[in-house]
Each structure stands twice: as structure tokens, then as C-alpha cells.
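These are my notebook entries on a structure that I looked up for a reader new to it. I record each topic in turn.

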Amino acid sequence: MLEKRLLKLRQKLQERGIEALLISHPVNRRYLTGFTGSAGVVLITATEQLLVTDFRYVIQVQEQAPHMTLVQHQGAIYHTVGEQCRKLGIKALSFEQDHLTFAEFLQLKEAVGDIKLQPTSGIVKELRMVKDADELAVMREAARIADQAFSKILSDIKPGVRENEISFKLEFYMRELGATSSSFDMIVASGKRSALPHGVASDKVLELGDLVTLDFGALYQGYASDITRTVMLGRPSEKQKEIYDIVWEACNRTIAALRPGMTGKEADAVARDYISAHGYGDFFGHSTGHGLGMEVHELPMLSSRGDVVLQPNMVVTVEPGIYLPEVGGVRIEDDVVITETGCEALNQSSKDWIVIE
Ligand code: ZN
Ligand code: ZN
């Protein structure tokens, strides 16, 4: 699989007329090499594939990335990169403009001397949009961990419990089930706070009458899941039930509509139009979904600016929501993989209305 990823990258470099690419983003480095260490850069040309790192990782690279040529640097890493570029006769070196600090750029510039530096953006990210079979297997497991943790946390949701106790327990359950960690700073937002789309867990106590939004995911073998469920604590009001039903329908309609050939913008419109038709368009202020993989927010975006055409094996979230300042908010989020004919959910937790009394 890793060899295949490198092959695809080389095709892309050739299409763009790129002679050599320096990869400094740790996630992209792991994607191409399998190396999970915390330091190092990758240099790819049409014929060479170097992994430059320090002595701490020599054995790890040999184990995890035997397909890479290991170059150990003693002094500054970019000094060694410069040496290797000269040795390979590289005339123009492309680098990841989004993943190099200004200080690193200056070091690189000095180290490469006459070699021309060319900024690039998104090359490996675009490759990462379409998942291979190994990635999908890992992502299914990341989603399964989130599902199981969700079913366990339901018995902990009761009046008097603080939001951050819930987030702590969810994290504990996910780790117990095999996750490395949470895939992001999870959201536990109850009552009026549930109207905050990104309300990370606070010390607010859960009360009867609260909508409780849990937006969380597991990081498993380098891949993230990201699901949201909103549950009702106590008897729901008419308004709470109404917005839940609209969000539920918007989520299901979008999942039913997703298929290859559709743009992210068209997918976004399915949820947005439905919510707007019910008068809540102004209360759905974020995009319908985003790509998911080694990072929680990847390409493609399901948003009004999403111009990427969906392809089989892309993984995206579908997460419409309605947030009413005095009533609370509802968001429902699933992770789905685009298939040849539509899409398939990676997580299985029921989206039906859950009332905890
Ligand atoms: Zn989420
Ligand atoms: Zn999300």
C-alpha cells in the first residue's frame, strides 16, 4: 500500500512538472512512509525516496519504513537536506508551503544554495482524500470504538453530572476500547450551551430539560473518527423535538443523496435547503461536513465552497445542526465512505431520538 501511495505521488509530481518534493508535514510523512516518529522529513524524486531523521529513530525507520532510504542527520536537518539535494543533482526543490515555518524556510534556503525553491500546496493532501483498503479497515475500527463508547456513556448521562465528567469518561471508554486518544478536543455541550456548535466540555452540570450534544471521536492507528449525537435529558419541549426531527431528516437525506460525481457544494445544499425550507437556515451556520482520515478536518469539504467532485473511497462526515440560543442545539454527525453507487456509514450508532429520563 505504501509503495502504491508513492507511485501515485510520483504520477502527480510528473503531471505538475515537479522534480523533487520535500515533505515536512508529519501526517503526510506518516502517510507515505508508515513512520510514526515525531521528527524527520521526506524527499521524493522520480527515482529516490529518502527519509531524513536522527539517530533516535534509526531502528524504528528500518522496521516501519523499509521501502525508504534512511538518511541520518547529525546537525541541522535542513543542512542534510541541502547536501542530499546537491548529491542527487536536484535543480528545483518544491516544498510544502503550509507546513514549513518561516525560520525553517530560511534554514532550507541557506542550505540549498543555488537550488531553486518552489512552494506547493495540497499535493499529498489531495492524495489522502481517496482512502485505500488498509485505511478504510482502520477507519471502520476507529468508528466502531466511538460507537461502543457512545453506548457506554449513555448510562452516565444524568442530572447533576458535569459536562467534563462526561468527556473524561468518554475518553476513558475509547482508550479502554483500544483508541490512542480522542481524535480532537471533544464537545460536550448541554442546555443553552448546546447552542454553541463548538462548546468544549465545561463544568456545567447536566439538568433535566437539557439537550446534550456529544461530538467526539477516537484516534486509532493514526486515523480519526468523528461522530455527534444529541440526546435529551428529561421530557423534551415541542421546539426541541421539532429541531431534532429536522436535523435527523437533513442528515438522513444527505446520506441518501451522497454519490460519486456530486460536488461538496451539492451535498451541502441537500442538508442546507431542507433546514432552510423549515425556517432554520439562519441557525445552521457551519458546513454540512468535511473529509476525515489521518486528520479530523481534511478535504473534501461539504460546504457552499466545496468544489471537489466526490469519488469512491473518499470519507466524509455529514453533520447538519440547528442552534437556537434559548432552546439549545441539535447536531447529528455520521462518518461515511463514498461507494460506487452512493455511500455507506462507517459508524452504526442509532440516530433516533434518545430520551434519558
Ligand atoms: Zn464532530
Ligand atoms: Zn466533524
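**Entry 1: the site of zinc ion (ligand 2).** I began with the angles at the zinc ion (ligand 2) in this predicted model. The four donor atoms there subtend angles of 80 to 156°. I classed the site as irregular, because four donors count as tetrahedral only if all angles lie between 85 and 135 degrees.

I then listed the donors of the zinc ion (ligand 2): Asp-226 through OD, His-290 through NE2, Glu-319 through OE and Glu-333 through OE, at 2.1 to 2.2 Å. Along the sequence I read their spacing as D-x63-H-x28-E-x13-E. The pair Glu-319 and Glu-333 links distant parts of the chain. I placed Glu-319 in the loop between β15 (315-318) and β16 (321-324), and Glu-333 in the loop between β17 and β18, 14 residues apart.

I also checked accessibility. Glu-319 has 8% relative accessibility and so counts as buried, the limit being under 20%.

**Entry 2: the site of zinc ion (ligand 1).** Which protein atoms hold the zinc ion (ligand 1)? I found two OD entries for Asp-215, one OD of Asp-226 and an OE of Glu-333, lying 2.0 to 2.6 Å from the ion. The angles among these four donor atoms run from 55 to 147°, which makes this arrangement irregular. The sequence spacing of the donor residues is D-x10-D-x106-E.

Here the linking pair is Asp-226 and Glu-333, 107 residues apart. Asp-226 sits in the loop between β11 (223-224) and β12 (227-233), and Glu-333 in the loop between β17 (328-331) and β18 (334-338).

Which residue bridges the two zinc ions? I noted that Asp-226 bridges ligand 1 and ligand 2, which lie 3.1 Å apart.

Are Asp-226 and Glu-333 buried or exposed? Asp-226 is buried, with a relative accessible area of 3%. Glu-333 is buried as well, at 0% relative accessibility.

**Entry 3: helices α9 and α10.** I turned to the packing of α9 (residues 238-257) against α10 (residues 264-277). Their axes are 9 Å apart and the angle is about 155°. I therefore recorded the two helices as roughly antiparallel, since the angle is over 145 degrees. The crossing of α9 and α10 is right-handed.

On the α9 side I listed Ile-246, Glu-249, Ala-250, Arg-253, Thr-254 and Ala-257 as making the contact. On the α10 side I listed Ala-267, Val-270, Ala-271, Tyr-274 and Ile-275.

**Entry 4: helices α7 and α8.** At what angle do α7 and α8 cross? I found roughly 135° for α7 (residues 133-153) and α8 (residues 163-176), whose axes come within 9 Å. That angle makes α7 oblique to α8. I noted a right-handed crossing for this pair.

The contact residues of α7 are Ile-145, Ala-149, Phe-150, Lys-152 and Ile-153. Those of α8 are Ile-166, Lys-169, Leu-170, Tyr-173, Met-174 and Glu-176.

**Entry 5: Gly-191.** Where does Gly-191 lie? I located Gly-191 in the loop between β8 (187-190) and β9 (211-216). With 8% relative accessibility, Gly-191 counts as buried.

Leaving aside residues up to four places away in sequence, I found that Gly-191 touches Lys-204, Asp-210, Leu-211 and Gly-328. Finally, I looked up the separation of Gly-191 from Leu-22: their C-alpha atoms are 48 Å apart, with the two positions 169 residues apart along the chain.

How values were computed. Residues are numbered from 1 along each chain as its sequence is written. Chains are lettered from A and ligands numbered from 1 in the order in which they are written. This is a predicted model: local features need pLDDT of at least 70, side-chain atom pairs count only at pLDDT 80 or more; totals for chains, interfaces and linings use all residues. Side-chain values use heavy atoms; hydrogens and water are left out. Donors are N, O and S atoms within 2.8 Å of the metal (3.2 Å for Na, K and Ca); water is not among the atoms, so sites may look incomplete. Four donors count as tetrahedral if all angles lie between 85 and 135 degrees; four count as square planar and six as octahedral if opposite donors are over 155 degrees apart and all others between 65 and 115; anything else is irregular. Helices (H or I, at least four residues) and strands (E, at least two) are DSSP runs, numbered from the N terminus. Buried means under 20% relative accessible area, exposed over 50%, partly exposed in between (1.4 Å probe, protein chains only). Axes are lines fitted to C-alpha atoms, for helices over the stretch in contact, and angles run from 0 to 180 degrees between N-to-C directions. Angles under 35 degrees count as roughly parallel, over 145 as roughly antiparallel, 65 to 115 as roughly perpendicular and the rest as oblique. A crossing is left-handed if the near helix is turned anticlockwise from the far one by less than a right angle, and right-handed if clockwise. Contact means heavy atoms within 4.5 Å.
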